[in-house]
Amino acid sequence: MPGRTLYDKIWDEHVVREEPDGTTLLYIDRHLVHEVTSPQAFEGLRLAGRRPWRVEAVVAVPDHNVPTTDRSRGIEDPVSRVQVETLDRNCAEFGIREFRMDDPRQGIVHVIGPEQGLTLPGMTIVCGDSHTSTHGAFGALAFGIGTSEVEHVLATQCLVTRRLRNMRVRFTGTLPAGVYAKDMALALIGRIGTAGGTGCALEYAGDAVAALSMEGRMTLCNMAIEAGARVGLVAVDETTIRYLEGRPFAPRGALWERAVEAWRALASDPDAAFDREVELDVSSLEPQVTWGTSPEMVAPIGGRVPDPADEPDPVRRGAMERALAYMGLEPGTRLEAIAVDRVFIGSCTNARIEDLRAAAAVVRGRRVARTVRQALVVPGSGLVKRQAEAEGLDRIFREAGFEWREPGCSMCLAMNADRLGPGERCASTSNRNFEGRQGAGGRTHLVSPAMAAAAAIAGRFVDVRELLEAA
Amino acid sequence: MERFVRVTGLVAPLDRANVDTDQIIPKQFLKSIRRTGFGRYLFDGWRYLDEGQPDQDCAGRPLNPDFVLNQPRYQGATILLARDNFGCGSSREHAVWALADYGFRAVIAPSFADIFHGNALKNGLLPVVLPAEVVDRLFREVEAQPGYRLTIDLPAQVVETPSGERFGFDIDPFRKQCLLEGLDDIGITLRHADAIRAYEARRRREAPWLFTDAG
């Protein structure tokens, strides 16, 4: 038998039935639910008189709409409030475990899943959210689904789907200091494009991935979807197992030992065939900054805004021209000459403890530039916030002039009150620089947490390595 | 789900690649807990000159005259012609609901983002993949001929132009059947409830840690 990929191994273990044409009924081990993409699914269940198939597999949390300021008065925006209350009501009605807004464990769904040990290797995990790919960092098959599929999984614990193709990205070499998983993700998307992984499960491999922490691997898998791949994956190793041991919902005792033994097999076989392979040496990778309105519009910090006139393809050229007009940028501008109005450190991409540590290391003993209107730090979960406070990171941020907030999705997509005004420019650790993503007319530049912190201090984009060397 | 068999309709060209779901339906409208009423906010940021709010009446809002769907010749379009990687970004099914609620029955593009593609098929909005050079030609024809209509014949898996040219397209046979009959997945899946239960029983023995539940 030829070798199998990690993706194929997990897939094969979850096939309930397969039709001759490849249509597969795939079993889902864990279903994560948030308030935005679930109300219509619960309504569908109610209308059909159905109950969840296996309610213990489901965990819910409100994250997109929650305020990141004082929550004692609830949610001011009535429309957001109704959506969160609807989730509370649906979970109560159907008996689903929910980490409510006032629960210290509440946070961004993709942060709390791993943090609670609800995300385990070898699992199939779905959520009505495209960044579900994040959980693939644990050697789990995790992907985003639409609301019809949310309803389908609630009702049947399965999905009707088809096998993806296999793609492997090898990151070789050693990541230089001041360069992070976020830069790896952005550089990859710059290379293969936002449709580069379409139809594929994308496995990240190579020495540079093996050297990453779980937080770094989650950042990498999180942005698989920005490369078009619904699924990102990293093989299980000691780093994975160490992270999970003792987590609240991880198995314990003899069951833990048995699980770990099974998890150690969760890697692609040496002779497994991939439909597509890409290799990227990170040894000379620079911090990355996006300049346009698609994550593939990215350049190293030492670079310049490109000139659409140099692009031969008319569709691409048109996209670049529109992007530069929207972003208010001229071709040839040095990225280091671009000033920012706001800074956002947060999101399911970069709001874990390691991200906050990396940003704090840059900020320590410095001040946010006077020209920066607002610099926000939004921890990924209540527990990340508590940990950061125990380490004194909140003080470092506050003393520098950052706002220290409650956990949630916040300015990544501006469904709550945190948003950009028209024309405002933001250094953001989130995942999408689409038009209006952070607020109508807002201009987003995607960067790593350290680069966002450096932009806050300098008031413009700078190579964070200069600040790290000076510290 | 609304059935899709054969649709003949006016074509509107959206000549941009990588149209993401944030553009198709901006986030402020995702706060709705309903499935309907998204059509008036479709492409809100491009279509109107002001910023739309949930539940807003759009009748008096200033339209962006440059946006293709606001041009008189494309009023009543039911087929959207688009470029590569249509529907990339977020998994929000609201994007599909907005397109369908506006009146679109199909989107033709050289490629679609995976999640959008799946969502569309589950809502009777047919995503048709045609080769980039064919799409290119259709763009030229639509722009040159006011009132340009295409026919999409799902049983035959063919797109037919006014001049009678026919372009075949692929579709997953299971999804095709669902569209033709207007079937929803859940009922079909529940026919296999015994297989699901048998699978669960086996997995509980093989991998019991997956069932140390969160409930």
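Which residues does Thr240(A) touch, not counting residues up to four places away in sequence? They are Pro121(A), Phe138(A), Met214(A), Arg217(A) and Ala235(A). Contact here means heavy atoms within 4.5 Å. Thr240(A) sits in helix H9 (residues 238-244) of chain A. Its relative accessible area is 0%, so Thr240(A) is buried. Buried means under 20% relative accessible area, exposed means over 50%, and partly exposed lies in between (1.4 Å probe, protein chains only).

This is a predicted model, in which local features need pLDDT of at least 70, side-chain atom pairs count only at pLDDT 80 or more, and totals for chains, interfaces and linings use all residues. Residues are numbered from 1 along each chain as its sequence is written, chains are lettered from A and ligands numbered from 1 in the order in which they are written, and side-chain values use heavy atoms, with hydrogens and water left out.

**The two chains**

Chain A has 16 helices and 19 strands. Helices (H or I, at least four residues) and strands (E, at least two) are DSSP runs, numbered from the N terminus. The radius of gyration of chain A is 21 Å, which agrees with the value near 23 Å for a compact globule of 471 residues. That radius is taken over C-alpha atoms, and the globule rule is 2.2 Å times the number of residues to the power 0.38. Contacts in chain A often span the sequence: among those between residues at least 6 apart, 76% join residues at least 24 apart.

Chain B has eight helices and seven strands. In chain B, residues 24 or more positions apart account for 63% of the contacts with a separation of 6 or more.

The table sets out some values for each chain. Accessible areas come from the Shrake-Rupley method with a 1.4 Å probe; for residues, only the protein chains shown count as cover.

| Property | Chain A | Chain B |
|---|---|---|
| Box of C-alpha atoms along the principal axes | roughly 55 × 55 × 45 Å | roughly 65 × 40 × 25 Å |
| Buried residues | 68% of 471 residues | 61% of 215 residues |
| Exposed area | about 15500 Å² | about 8300 Å² |
| Share of that area from carbon and sulfur atoms | 47% | 49% |

Charge comes next. Chain A carries 55 positive and 64 negative side chains, and the centres of the two sets lie 3 Å apart. Chain B carries 27 positive and 30 negative side chains, with centres 4 Å apart. Lys and Arg count as positive, Asp and Glu as negative; His and the chain ends are not counted. The place of a charge is NZ of Lys, CZ of Arg, CG of Asp or CD of Glu.

**Aromatic rings**

Over all chains, the structure holds 17 aromatic pairs. Rings of Phe, Tyr and Trp (its six-membered ring) pair if their centres lie within 6.5 Å; planes under 30 degrees apart count as stacked, over 60 as edge-to-face and the rest as tilted. Phe171(A) and Tyr204(A) form a stacked pair, 6.2 Å centre to centre, with 20 degrees between the planes. This pair links distant parts of the chain: Phe171(A) is in strand E9 (residues 165-172) and Tyr204(A) in strand E10 (residues 200-205), 33 residues apart. Phe171(A) counts as buried because its relative accessibility is 0%. Tyr204(A) counts as buried at 3%.

Chain B offers another stacked pair. Phe29(B) and Tyr41(B) lie 4.1 Å apart, centre to centre, with 10 degrees between the planes. Both are in the loop between helix H1 (21-24) and helix H2 (44-47) of chain B, 12 residues apart. Phe29(B) counts as buried at 2% relative accessibility, and Tyr41(B) counts as buried at 3%.

Back in chain A, Phe397(A), Phe402(A) and Trp404(A) form one aromatic cluster.

**An enclosed helix**

Helix H5 (residues 147-156) of chain A has 10 of its 10 residues buried, so it is largely enclosed by the rest of the structure. Among these buried residues are Glu149(A), Glu151(A) and His152(A). Just after H5(A), Gln157(A) takes a positive phi of about 60 degrees.

**A glycine in chain B**

Gly89(B) lies in the loop between strand E2 (79-81) and helix H3 (94-102) of chain B. Gly89(B) is buried, with a relative accessible area of 10%. Not counting residues up to four places away in sequence, Gly89(B) touches Ser130(A), Ile225(A), Arg432(A), Phe434(A) and Thr21(B). Arg203(B) is 114 residues from Gly89(B) along the chain, and their C-alpha atoms are separated by 34 Å.
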